[in-house]
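Biologist: Could you take me through one part of this protein in detail? I would like to see how the parallel sheet is put together, and then how the rest of the picture fits around that part.

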Amino acid sequence: MANTKFVCENGKPSRLSVTASDIRVQKHTEEALKESEKLFRAVFEAAPLGVAVTNSEGKFFEVNDSFHHIFGYTKDDLADMTLMDISHSDDRKETLRLSEEVYKGDWSFYQTEKRYLRKDGQPVWTAVRATAIKDNGGKIQYWLNILEDITERKQAEEAKKKLEAQLQHVQKMEAIGTLAGGIAHDFNNLLMTIQGNASLMLYDMDIKHSHYETLRSIEKAISSGAKLTKQLLGYAMKGNYQVKPLNLNQLVEETASAISRTKKDVTIHLGLSDELSSISADQGQMEQVLLNLFINALDAMPGGGKISLKSMNVTHEDIKGKHYDPNPKPGNYVLVTVADTGIGMDKKTQERIFDPFFTTKEMGMGTGLGLASVYGIIKSHGGYIDVESEEGRGTCFSIYLPASGKKISETDDTATQIIEGSGNILFVDDEEMVLETGAKMLKKLGYTVYESKSGTEAVEVYKENKDKVDMVILDMIMPEMSGGEVYDKIKAINPNVKILLSSGYSLEGQATEILKRGCNGFIQKPFRLKELSGKIKEILARE
């Protein structure tokens, strides 16, 4: 670049002055700055993360294409908006608190995870890294915000937490179930002693005797106690008594009919499928499930209301993702729903609704075992249960039971009278009181009794008297050698031996397996003389 001028002397131009300067460096610098600006703009726009430059008040100054892609807002949309405007409503309080800390502490950088809202209203989880851009005086002029979309990661974390919570819930239920089952078993053994002695006293007593009604009252109390332990065993998933093909629609209709006669202020609506598959289940336990759900619905509607009952055929795909059982076994299922228009439940109540002894009723108004036993019974039948509820909007229980498709038949094996007999019976039980009472009952019925208080002793007694013993009554749960092991050893001695299993637990698990291997029958403690005599007569009569 050159500057030219004339130099004058005595008022007249005398010579020409030329001044030149080299501006190549300046030009090069300007070109470099332009290239840098283009490069910065290219990097800014191509960045895979959202970048937003905001002023000190949070108003958008510049955003890149990734930001537009993540949040769906156009440049015009953001013209008069701030980061706070697109913050999730649940996070705004925390955002304000953080902003106050940033400015009070004169921070130059901070990072956090928070939710924003897309233009379409969908939440977006982001990892935010913000760097302050300050002027020469140290005052914040802008914030450079780098935002990474971590929505998928957050959803995966939430799903993992949900699964872990479900696993913990299942483990808790199983642990409590084991405890409840053990208590029920021991309690049934105690009831067995009381029931046995009451039966013995009543056997020879005239109905006009002054103690007759007292003993009958004791039997009624024992029956109530047995029902309580039945609920505990149901929760413990040890209550699968007599499995047979059932028409669930019929049970629903019969139970609903009984309820409708007692509660005139409750309307019952039926929506049952005509093509419903049969299920394989214990009828008494299914009736208990339905009755407990009906009672729960009635308690939720003290002023009356409506109960809606529906049934349909479904598959495991319809159960997936449910709260209590997210991964059902593949197959066909029968679904029954019981919905009410009652007061509903909050989330905390729903989380504990199947826990034993948990109740929302006043002291003395409920045992807290009704829904716990429902849960256990459904699980013991290979089924699933789920609950949906909202305060003030009612509750809906959904029960899924495996479909069997087997033909339904009706039988009645109930003993109607005490049957005396003769022969030799080996009675095996590790509980001394049960052993003593059971032996008395058998002798009263006319049998000669060999007593054994352990599995090892029972095998030895049978080995010595195998030609005399007509039948073995065998307890299932014993220390050292279990009932199953005793069964196998005695069966090895005499393949044709007749064995009746007895337990404070119900017909489930190990007992069912032994019955499949050829055992002759099962009797649930506590039992009366009538039930015991009927079972013995039935088994001894078999060839």
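Modeller: Happy to. What follows is a walk through the parallel sheet, its helices and loops, and then a second sheet with a cavity.

Please keep in mind that this is a predicted model. The part you ask about is an open sheet of 5 strands, in the order S16-S15-S17-S18-S19, and the pairing is parallel. Look first at its two edges. Strand S16 (448–452) and strand S19 (521–524) each have a single partner strand, so one side of each is left without a neighbour in the sheet. On average, neighbouring strands here are turned by 20 degrees against each other, direction ignored.

Now zoom in on one pair. Strand S15, covering residues 424–428, runs parallel to S16 and is joined to it by 5 bridges. If you want residues to click on, Asn 424 stands opposite Thr 448 in S16, and Ile 425 stands opposite Val 449 in S16. Between these strands comes a helix: S15, helix H10 (residues 432–444) and S16 make a right-handed β-α-β unit.

Other helices pack on the sheet too. Helix H11 (residues 455–465) touches S15, S16 and strand S17 (471–475). The direction of H11 makes about 140 degrees with that of S16. Helix H12 (residues 483–493) also packs on the sheet, where H12 touches S17 and strand S18 (499–503). Against S17, the direction of H12 makes about 155 degrees.

Two spots in the loops deserve a look at the backbone. In the loop between S17 and H12 you will find Glu 480. This residue has a positive phi of about 65 degrees although Glu 480 is not a glycine. Further along, the peptide bond from Lys 525 to Pro 526 is cis, with omega near -5 degrees. Pro 526 is found in the loop between S19 and helix H14 (529–540).

For the wider picture, turn to another open sheet. Here 5 strands come in the order S9-S11-S12-S14-S13, and the pairing is mixed. Strand S9 (266–272) and strand S13 (384–390) stand at the edges; each has a single partner strand, so one side of each is left without a neighbour in the sheet. Neighbouring strands in this sheet are turned by 15 degrees against each other on average, direction ignored. Within the sheet, strand S12 (residues 332–340) and S14 run antiparallel and are joined by 8 bridges. One residue pair to find there is Val 334 with its bridge partner Leu 401 in S14.

Helix H7 lies across S9, strand S11 (305–315), S12 and S14, and runs at about 170 degrees to S14. That brings us to the cavity. The structure holds 1 cavity of 30 Å³ or more, with about 40 Å³ of space in it. The lining consists of Leu 248, Met 286, Val 289, Leu 290, Val 336, Ile 399 and Leu 401. Two elements give two or more residues to this lining, namely helix H7 (283–299) and strand S14 (394–402). H7 gives the most, with 3 residues. By type, the lining divides into 7 nonpolar residues, with no polar and no charged ones. Leu 401 is worth a second click, as this residue lines the cavity and is also the bridge partner of Val 334.

Note on methods
Residues are numbered from 1 along each chain as its sequence is written. This is a predicted model: local features need pLDDT of at least 70, side-chain atom pairs count only at pLDDT 80 or more; totals for chains, interfaces and linings use all residues. Side-chain values use heavy atoms; hydrogens and water are left out. Two strands pair if DSSP finds at least two bridges between them. Helices (H or I, at least four residues) and strands (E, at least two) are DSSP runs, numbered from the N terminus. Axes are lines fitted to C-alpha atoms, for helices over the stretch in contact, and angles run from 0 to 180 degrees between N-to-C directions. Contact means heavy atoms within 4.5 Å. On a 1 Å grid over the protein atoms alone, a cavity is a set of points where a 1.4 Å probe fits but cannot get out, and a pocket is an open set with protein on both sides within 12 Å along at least five of seven lines; lining residues have an atom within 4 Å of a point. Grid points are joined across faces, edges and corners, and a volume is the space filled by probe spheres set on the points. Ala, Val, Leu, Ile, Met, Phe, Trp, Tyr, Cys and Pro count as nonpolar, Asp, Glu, Lys and Arg as charged, and the others, Gly among them, as polar. A crossover is right-handed if, with the strands pointing away from the viewer, the path from the first strand over the helix to the second runs clockwise.
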